[in-house]
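Trainee: Could we sit down together and work through the strands and sheets of this model?

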Amino acid sequence: MKVNRTMKKNVFYLLCAIVGTSGFLAFITSAFTGNKTNAKNSNKLVIVSPDKLKKVDFKGAIAVEENDSFERYKIVLSDETENFTGELYNTGYKVVLEKASFNEVELKENTSYGFNEDVEIKTRSGNIEIVFPTTYEENFVYKHPVNKNEIYVLIAKKAEPYSYNVTLDPGHGGIDSGAHVGELYEKDVTLKIAEYMKMGLIYGGSKIVMTRTDDEVNPDERKRLREITDIANKSESNIFVSIHLNSFENGEPKGVTTYYYTKGHEEQAKDRERLAKVVQNNLISKDGWKDNSIKTENLQVLRDTKMPSILVEAGYISNPEDRGKLQQDKYLFNIAESINAGIFEYFTTK
Ligand SMILES: [Zn+2]
């Protein structure tokens with residue numbers, strides 16, 4: 001990897017240093033809202049499965065895979081860490097893991113360990129510092145939402161690593177909590193699933209627009225629905241994905257359904273149905289979700305979005321078996337990964 005420092009723009013130093021939780025979300029949202037760059041100028045997307053890792057090294061503490069858009073490094077620590085930062089640095093993207101250590105590898109203070117050609121690792125005051133060479137600004141560091149001792153780093157392979165725009169709509173929010181059973185609220189679960197989807201989609205070359213990143217939304221439901229479709233339409237997203245949970249008056253019905261709508265969108269009818277189909281197929285392939293098939297329904301967020309759009313009902317909160325899964329992050333992460341797999345399939349096949 002050859003490094004040309006002159007390609008960097010100082011204005012991005014600050015932006016890219018913003019990582020972590022809320023700042024990171026705000027950055028994603030603000031960076032992507034209103035962006036009209038080449039969403040339709042799609043290069044070929046290559047999804048590399050974890051069994052085709054480019055390199056696994058440093059006694060298994062660091063592994064890397066890649067596609068056309070990003071290199072994705074997985075860093076396995078001996079313990080969970082809350083404090084990590086990433087910033088552009090004069091020779092690349094520097095990730096600092098505060099007071100962290102690797103499982104099997106003992107690092108010596110202020111020693112550079114050449115790892116993957118140019119990746120440099122060192123310790124300083126108990127922190128691990130890793131510099132990934134890159135000339136580009138779109139780099140990210142984040143924690144796996146379930147395996148909390150795993151840190152991931154995305155290193156851009158080109159200045160514009162995105163081929164697609166995707167709007168994610170975590171259903172409900174604010175005073176509209178959606179369905180709930182006890183302390184489990186639909187609005188919280190849908191936001192988690194959307195958050196869990198985000199980094200996987202970015203790795204796959206999608207810019208993400210979120211219709212909400214927290215619990216603050218317009219309390220007027222009619223206005224809120226209009227806002228949601230406006231966000232998707234203004235961002236010129238390639239697809240729109242709304243996440244909801246189902247509910248019924250008794251606990252019997254269970255399983256997942258994906259909705260789509262074609263009336264008034266006849267020229268997109270095939271794509272709309274295909275998007276619903278591939279996402280539904282991926283959802284039912286894992287964790288034993290009952291297949292309630294795809295259905296067409298005149299829902300405002302499907303009718304008023306200009307791009308192919310779906311609404312996923314990811315299980316019944318009213319059913320004890322489904323609810324048992326919806327209460328556990330590992331199942332929510334699997335739902336997120338399944339929807340992502342469907343989205344990739346939609347973008348890369350016809
Ligand atoms: Zn809902």
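Below, we talk through two sheets of this predicted model.

Trainee: In what order do the strands of the six-stranded open sheet run, and which are its edge strands?
Mentor: Happy to start there! The six strands are arranged as β14-β11-β15-β18-β16-β17, with mixed pairing. An edge strand here pairs on one side only, and that describes β14 and β17 (291-296).

Trainee: In which sense do β11 and β14 pair, and which residue of β14 stands opposite tyrosine 164?
Mentor: Strand β11 (residues 164-170) is joined to β14 over five bridges, in the parallel sense. Across from tyrosine 164, the residue in β14 is serine 206.

Trainee: How many residues of β14 are buried?
Mentor: Let's take the two directions in turn. Ser206, Ile208 and Met210 point one way, Lys207 and Val209 point the other way, and all are buried. For β14 (residues 206-210), the count of buried residues is therefore five of five.

Trainee: What is the bridge partner of tyrosine 259 in β18?
Mentor: Elsewhere in the six-stranded sheet, β16 (residues 256-260) and β18 (residues 309-316) run antiparallel, joined by four bridges. Within β18, the partner of tyrosine 259 is leucine 311.

Trainee: Why is one side of β4 and of β6 left without a neighbour in the sheet?
Mentor: These belong to an open sheet of five strands, ordered β4-β5-β8-β7-β6, with antiparallel pairing. One side of each has no neighbour because β4 (84-89) and β6 (113-114) stand at the edges, each with a single partner strand.

Trainee: Which residue of β5 stands opposite tyrosine 89?
Mentor: β4 and β5 (residues 92-97) run antiparallel and are joined by six bridges. Opposite tyrosine 89, in β5, you'll find glycine 92.

Notes. Residues numbered from 1 in each chain as written. Predicted model: local features only at pLDDT ≥ 70, side-chain atom pairs only at ≥ 80, totals over all residues. Buried ≥ 20, exposed ≤ 12 C-beta atoms within 10 Å, placed from the backbone. Helix = DSSP H or I, 4+ residues; strand = E, 2+ residues; numbered from the N terminus. Pairing = 2+ DSSP bridges.
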